[in-house]
Amino acid sequence: MAEAHQAVAFQFTVTPEGIDLQLSHQALTEIYLSGLHSWKKRFIRLKNSVITGVYPASPSSWIFVVVAILSTMYTRSDPSMGLIGKIQEHLPVSQSPQLQTVLSAVLFSTLLWLSLIFTMRFCLKQLLSYHGWMFEQHGRMSTTTKAWLCLVRIFSGRQPLLYSFQGSLPNLPVPTTQDTVRRYLDSVRPLMDSSQFDRMSALASEFEVGVGKRLQWYLKLKALWATNYVSDWWEEYIYLRGRSPIMVNSNYYGMDFLYVTPTPIQAARAGNTIHACLLYRRKLNREEIKPSRIPGTVIPLCSAQCERIFNTTRTPGEESDTLQHWQDSNYVAVYHRGRYFRLWVYQPAGRLLSPREIELQVQRILDDTTPPCDGEDKLGALTAGERIPWAQARKAYFSSGLNKRSLDCIEKAAFFVTLDDEEQGMMGGNPAASLDRYAKSLLHGKCYDRWFDKSFSFVIYKNGKNGLNAEHSWADAPVVAHLWEYVLATDSFQLGYDADGHCKGLEDSTLPKPQKLNWELPAECQEQVSVSLTVAQALADDIDFHVFSFRDFGKGRIKKCRISPDAFIQLTLQLAYYRDRGTFCLTYEASMTRLFREGRTETVRSCSDQSCDFVRALEAGEGADVCRRLFRSAAEKHQSLYRLAMTGGGIDRHLFCLYVVSKYLGVESAFLKEVLSEPWRLSTSQTAVQQVELFDLINHSEFISCGGGFGPVADDGYGVSYSIVGENMINFHISCKHSCPHTGAHQFGGQIRKALLDLLQLMSSDAKDPSPPTQSQKKDQ
């Protein structure tokens with residue numbers, strides 16, 4: 001439709017007098033404005049590249065250096081100590097002596113300026129390589145750390161852009177094999193009996209003095225050559241080479257506000273959500289988003305993952321998938337009732353459609369009664385099933401012609417939107433069950449009404465509730481969560497809705513209608529779609545979910561007990577799992593390594609000797625003083641493990657890379673093989689609120705997002721995501737599989753609730769700590 005609309009820009013007819021060319025003034029204006037908009041974007045990218053390239057200096061500082069050098073030369077002094085004269089000797093002699101002198105001074109000034117930039121960046125990189133500050137006691141900053149912080153501020157420059165610190169971030173260090181092996185043995189000691197541990201210790205010693213040295217040498221060589229010795233292999237072997245469905249197994253989801261639905265009108269919610277997301281993309285392209293930092297500090301985090309948020313898709317392959325990213329896209333792909341549409345979100349002149357205009361376009365899709373093409377309605381199941389059949393079907397049926405053009409429209413879209421016919425959210429007579437259904441809907445839907453390959457997809461429900469589903473290979477959850485927080489806040493607090501629940505602004509009924517995509521799907525292709533749907537449906541039906549908000553207490557009371565909130569919850573999970581299964585298990589907690597360039601994640605092995613000692617003592621009825629002492633010891637151990645993971649001293653990424661090197665070299669290691677095959681029966685992750693300033697949780701506490709979640713990693717294990725919101729609320733998302741008779745999401749949720757209350761009572765019974773909350777206080781909370 002858009003192509004046909006622009007085809008009338010100019011017409012010509014052949015007459016006896018010649019060619020009669022008729023040009024549309026309006027069309028030419030649109031063409032001019034469109035070209036101008038395109039050049040503006042190129043200029044902004046170029047300008048940002050220059051600013052980022054010279055950071056922490058500024059382009060204007062070059063003028064200052066040039067003027068300073070020229071000024072000293074007019075005082076007949078030579079700050080270059082003869083270098084300007086040397087440069088002048090190599091300039092063309094056709095120029096006047098004065099011009100040669102000026103050019104030589106400018107060249108010297110430029111070299112001096114670049115040297116200063118390199119020096120400042122090198123100093124900042126060395127400063128950011130220091131992590132001793134992280135291991136100091138909270139609230140007790142040493143003189144060394146204070147001096148270090150001052151230097152970081154001095155060398156960090158002013159008003160950094162999103163990617164300004166990328167060149168100054170240190171590379172991820174390679175731990176020694178001795179340290180990694182020792183920490184690994186410490187982590188598995190509480191999970192093995194003496195004979196098993198002796199056997200594993202022997203394998204570890206054999207590896208350390210044998211093949212481990214050779215593998216470590218290759219890994220250090222890679223670390224010298226590559227920006228990050230982990231990230232590319234992690235992306236390829238953990239994500240892209242996985243042949244099982246990415247739905248449930250890899251993708252994750254984020255929820256809307258828990259207690260508020262800003263509008264009950266589906267099209268209006270879609271209008272504001274899409275518009276807010278595109279405003280974020282504009283800020284991202286202009287690098288106007290502030291660089292992420294460690295909360296409460298000036299320490300920058302890597303922003304490399306932000307580059308692929310939009311216009312990105314995961315393309316299936318028979319051996320390995322690939323990530324494809326396009327520079328720009330001026331439309332989004334929309335799914336509704338088995339049909340796919342291309343929704344243009346910009347005018348030809350480059351103006352972003354207003355929320356009201358997008359609402360009109362979405363409503364046109366909702367009102368469209370065109371039936372789906374044969375096989376189109378469940379086509380998305382290909383992205384939900386096994387990867388090899390999808391790769392084969394893509395090659396056989398989508399590599400040319402109409403199907404390729406339609407598939408390209410989806411894959412090259414800025415992002416994907418599903419207009420769901422269901423109603424979701426906390427509602428009805430059983431709000432707890434409705435939250436569980438909401439989570440499952442966002443994670444897998446009907447297995448064919450999402451496009452799981454897109455970097456992320458919005459799901460807009462019939463009652464105005466929304467959420468998102470994100471593909472995992474291109475980035476980790478904090479990057480998507482940053483976008484999601486901005487979208488939710490902008491939707492409700494900046495864009496808003498009128499009294500009738502519609503988007504604010506005026507409609508433009510002359511906009512061309514969204515373009516429905518067409519397909520020609522042969523019977524063989526439709527049969528493969530059915531096979532993929534069967535696989536995906538079985539996986540989805542097996543998932544058991546439980547989502548709940550714990551409001552008896554939160555971060556505020558935990559901090560009064562002088563315990564890290566994350567450590568408190570992790571120990572709660574250890575206690576809950578022990579009560580649920582009667583044993584301990586290998587526990588995965590996701591930690592970031594974005595203090596380093598292109599860093600992604602590291603594993604915190606939360607189950608430790610100290611945590612097991614505490615749980616056993618508590619369950620055995622030991623005295624409160626003994627249990628409190630063991631609890632604090634376990635919390636301190638957890639904090640130490642978390643800090644080590646963040647600062648490059650983790651275990652699992654190092655062991656993973658050593659295993660990859662062994663495969664490349666064709667070397668077998670019984671130690672590595674056994675380590676990499678151990679199941680994570682308890683996989684956990686915290687979803688932290690990053691942009692606290694966007695939400696007023698004191699005056700508008702109802703505007704709270706419930707966070708997000710993911711599927712279980714092990715068939716007989718749990719996946720637990722939690723978010724600490726404000727001072728008095730913790731949200732939990734628990735997943736497991738119905739097929740395992742020993743697990744149950746609601747069962748484990750009950751154990752978590754009981755463990756939280758028991759631990760608070762234990763810590764509050766200390767005379768130095770506040771008393772536990774009364775029933776009336778609980779009710780007020």
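**Figure 1. Ala333 faces Arg342 across two paired strands.** In this close-up, Ala333 of strand 6 stands opposite Arg342 in strand 7. This is a predicted model, in which local features need pLDDT of at least 70, side-chain atom pairs count only at pLDDT 80 or more, and totals for chains, interfaces and linings use all residues. Residues are numbered from 1 along each chain as its sequence is written, and side-chain values use heavy atoms, with hydrogens and water left out. Strands (E, at least two residues) and helices (H or I, at least four) are DSSP runs numbered from the N terminus. Strand 6 and strand 7 run antiparallel and are joined by six bridges; two strands pair if DSSP finds at least two bridges between them. In strand 8, Ala333 has Phe416 as its bridge partner. Strand 6 and strand 8 run parallel, with three bridges between them. The hairpin of strand 6 and strand 7 has two residues between the strands, and Arg337 in this hairpin takes a positive phi near 50°.

**Figure 2. Strand 6 is mostly covered.** Six of the six residues of strand 6 are buried, that is, under 20% relative accessible area (over 50% is exposed, in between partly exposed; 1.4 Å probe, protein chains only). Tyr331, Ala333 and Tyr335 point one way from the strand, while Val332, Val334 and His336 point the other way. Both sets of side chains belong to buried residues. Helix 14, residues 401-411, lies across strand 6, strand 7 and strand 8. The direction of helix 14 is at about 105° to strand 6; such angles run from 0 to 180 degrees between N-to-C directions, and axes are lines fitted to C-alpha atoms, for helices over the stretch in contact.

**Figure 3. An open sheet is built from eight strands.** The order of the strands is 11-7-6-8-9-10-3-16, and their pairing is mixed. At the edges are strand 11 (515-516) and strand 16 (708-710), each of which pairs on one side only. Helix 12, residues 355-367, packs on this sheet and touches strand 6 (331-336), strand 7 (339-344) and strand 8 (416-419). The direction of helix 12 makes about 160° with that of strand 7. Elsewhere in the sheet, strand 3 (residues 252-255) and strand 10 (residues 466-470) run antiparallel and are joined by four bridges. Within this pair, Met255 has Gly467 of strand 10 as its bridge partner.

**Figure 4. Glu471 lies in the loop between strand 10 and helix 16.** Helix 16, which bounds this loop on one side, covers residues 477-495. Glu471 counts as buried because its relative accessibility is 0%. The side chain of Glu471 makes a polar contact with the side chain of Arg314 at 2.9 Å. A polar contact is a pair of N or O atoms within 3.5 Å; within protein, one must be able to donate a hydrogen and the other to accept it, and residues adjacent in sequence count only if both atoms are side-chain atoms. Apart from neighbours within four places in sequence, Glu471 is in contact (heavy atoms within 4.5 Å) with Ile246, Asn251, Tyr252, Arg314, Leu323, Phe452, Asp453, Lys454 and Ser455.

**Figure 5. Helix 9 packs against helix 22.** Helix 9 spans residues 211-225 and helix 22 spans residues 652-665. Their axes are 9 Å apart and make an angle of about 100°. From helix 9, the contact involves Arg214, Leu215, Gln216, Tyr218 and Leu219. Helix 22 contributes His654, Cys657, Leu658, Val661, Ser662 and Leu665.

**Figure 6. Several elements cover the buried residues of helix 10.** In helix 10, residues 231-240, the buried residues are Ser231, Trp233, Trp234, Glu235, Tyr239 and Leu240. Their cover includes helix 9 and helix 22. Strands also take part, including strand 4 (312-315), strand 5 (322-325) and strand 14 (601-605).

**Figure 7. A second view of sheet structure shows six strands in an open sheet.** The strands follow the order 12-18-17-15-13-14, with mixed pairing. Strand 12 (543-550) and strand 14 form the edges, and each pairs on one side only. From one strand to the next, the twist averages 20°. Strand 13, residues 587-592, runs antiparallel to strand 14, and five bridges join the two. Across this pair, Ser591 stands opposite Glu602 in strand 14. Helix 22 packs on the sheet by touching strand 13 and strand 14, and its direction makes about 115° with that of strand 14.

**Figure 8. Ser564 sits in the loop between helix 18 and helix 19.** Helix 18 covers residues 555-560 and helix 19 covers residues 565-581. The side chain of Ser564 makes a polar contact with the side chain of Gln639 at 3.1 Å. Not counting residues up to four places away in sequence, Ser564 touches Ile558 and Gln639.
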